[in-house]
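Welcome to a short tour of a protein chain. Have the picture open beside you, and look up each residue as it comes along.

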Amino acid sequence: MTQLTQNNDLAPVQDENAVDGNQLFPVFLKLNQLHTVLIGAGNVGLEKLNAILNNSQNARVTVIAENIIQEILALAIYNPRITIIQKSFTDTDLDDADIVIAATNNSTLNSYIQEAAHQRKLLVNVADKPELCDFYLGSIVQKGDLKIGISTNGKSPTVAKRLKEVLNEALPNELDTTLQQMSRLRNSLSGDFTDKVKTLNKVTSVLVEPLPQQKKNFKWLIWISIVASIGIAVTALWFNEPGFKTYAQNISPVFYYFLGAGFVFALIDGAIGMSYGVTSTTFSLSMGVPPAAASMGVHLSEIMSNGIAGWMHYRMGNINWKMFKLLLIPGIIGAVTGAYILSSLEHYSLYSKPIISLYTLILGVVIFRKALNLRRKRSSGKIKKIGLLGLGGGFIDAVGGGGWGSIVLSTLIAGGRTPRFSLGTVKLSRFFIALMSSLTFITMISSSHWESVAGLVLGSALASPIAAKISNRISTKAIMVSVAVIVILISLKSIINFLMKL
């Protein structure tokens, strides 16, 4: 195999198989300024042409072949820089070429094309013949101006395609926004080249610096110390202070029920990113708590957990601020309105309770369907009416005691939004929505169910640091199916009990 040297002479190179590792040198070409000649116009030729146009829409390409499929002819109709020449290949077809791609099913012709290209000191790619290639067309991942090329050294294009799918899913579309901001920052910097590099390295260091293991261990040490301190203090008071023992023994068992429930529901929410509201509300209604008091308990307990989660996502750079602004105000308006209406109907809880149970039943079905469609690809078009989504999500969440994650987060992701940025933005906005709806509930109703509220608040707070730790070790699908079945059964039970009383 040969390659072009700096003095434009063809020189033999060492067999790439004799050297360990991938010895290819990655280069990004400005095909818009070059003339590419593609020989072959069948399915392989179509694949090569699409690869060129997907990356360089204004590339000048001449396609030469005796037989041309309709798909290539259709591309030429809408792209004036594609020239179709229907004839047999001759070496003079490369006289005006800069890059050559051979995509015929004739191995003899492909070898002839390679020889003709090398005689003119041109680089050539021969489809499915790595030993004849001067360069490969790698799989490409693109997010705006960011472009990543993937090469397996010609060993397995299939693996390259799979890696492309993984990176396309993992890298957020918002990376292009970051690139544009960095470009503006670079252009605004003064000083010499070294000073600019130091400033840009400092700004981007957050992208590559992982949380040190020592800091992780220290964080867990703090939580363990807090839990141990509380346990020791409670034990000491229990045995040494008769008054505390009497007080603890008189605490309603309902508190402990909701403490355990809040803990479990927060763990589930941490694992799948949703369902805390619907599970807590369903449980509260089954325990005889009126809808308004149940929703108040859910939102009060979510203030702390979502505040912590929102802060962590902010520190990690997972917030889409434009989306946050579009969600926040409509979400608060919807939540306050829903909390006001539900609180006004507190005296009619006998009739509002089955309606809320019907809502939780629907959410249970929604969660079940999502569990069955976890691997379904997201829509290619992004959802546009985010403000309206926030308004409806906030209202329904306050009235039903949950649903912000099930409705808003899942809709954003299904509508093509990046999961990581969607989750961070929804968690942070949820803190403010839970705060405002809680204040509305407290102002409107005088609840006698504070033991259930306190249990949920404390239980969810205790589960917060553990939920993040175990989220990657549990089957999301299994949890979602289990949650959906439980919610559906309890909601149906509540509705059936209401109908039997009529």
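Let's begin with one side of a helix: on H1, Asn43 and Asn54 are exposed, and they lie on the other side from its buried residues. Keep in mind that this is a predicted model. From H1 we can move out to its surroundings, then to another helix, the cores and the chain as a whole.

**Helix H1 and its two sides**
- Helix H1 runs over residues 43-55, which makes 13 residues, and it reaches 19 Å from its first C-alpha to its last, close to the 18 Å expected at 1.5 Å a residue.
- Which residues of H1 are buried? They are Gly45, Leu46, Lys48, Leu49, Ile52 and Leu53.
- These buried residues cover an arc of only 165 degrees around the axis, so they sit on the same side of H1.
- A general rule helps here: an α-helix has 3.6 residues a turn, so residues three or four places apart point the same way.
- The cover over the buried residues of H1 includes helix H2 (70-78) and several strands, among them E3 (35-39), E4 (60-65) and E5 (82-86). Strands E6 (99-102) and E7 (123-126) are also part of that cover.

**Two buried residues around H1**
- Thr36 has its place in strand E3.
- Is Thr36 buried or exposed? Its relative accessible area is 1%, and because buried means under 20%, Thr36 counts as buried.
- Leaving aside neighbours within four places in sequence, Thr36 is in contact with Leu31, Ile52, Arg60, Val61, Thr62, Ile99 and Ile101. You have met one of these already, since Ile52 is among the buried residues of H1.
- Asn79 lies in the loop between H2 and E5. With a relative accessible area of 13%, Asn79 is buried as well.
- Not counting residues up to four places away in sequence, Asn79 touches Leu53 and Gln57.
- A polar atom of the Asn79 side chain lies 3.0 Å from the backbone nitrogen of Arg81.

**Helix H3 from start to end**
- At the start of H3, a side-chain oxygen of Asn106 reaches to within 3.0 Å of the backbone nitrogen of Thr108.
- H3 covers residues 107-119, and its 13 residues should span 18 Å at 1.5 Å a residue; the end C-alpha atoms are 19 Å apart, which agrees.
- The buried residues in H3 include Asn110, Ile113, Gln114, Ala116, Ala117 and His118.
- After H3 comes Lys121, whose phi is positive, near 60 degrees.

**Nonpolar cores**
- How many residues does the largest nonpolar core have? There are 27, and those with the most contacts inside the core are Met296, Leu327, Val408, Leu412, Val426 and Phe441.
- The elements that give two or more residues to this core are helices H11 (291-315), H12 (321-344), H14 (386-400), H15 (404-414) and H16 (419-444).
- H12 provides the largest share of this core, with eight residues.
- Another core lies apart from it and has 19 residues, among them Leu38, Ile72, Ile101 and Ala103.

**The chain as a whole**
- The secondary structure comes to 18 helices and nine strands.
- Of the 502 residues in the chain, 38% are buried.
- Among contacts between residues at least 6 apart in sequence, 72% join residues at least 24 apart.
- The accessible surface comes to about 28,300 Å², and 61% of that belongs to carbon and sulfur atoms.

Definitions and conventions. Residues numbered from 1 in each chain as written. Predicted model: local features only at pLDDT ≥ 70, side-chain atom pairs only at ≥ 80, totals over all residues. Heavy atoms only, no water. Helix = DSSP H or I, 4+ residues; strand = E, 2+ residues; numbered from the N terminus. Expected span 1.5 Å × (residues − 1). Buried < 20%, exposed > 50% of the residue type's maximum accessible area, 1.4 Å probe, protein only. Arc of directions from axis to C-beta. Contact = heavy atoms within 4.5 Å. Areas by Shrake-Rupley, 256 points an atom, 1.4 Å probe, with all protein chains shown as cover. Polar contact = N/O pair within 3.5 Å; in protein donor to acceptor, adjacent residues only side chain to side chain. Core = buried A, V, L, I, M, F, W, Y, C linked by side-chain atoms within 4.5 Å.
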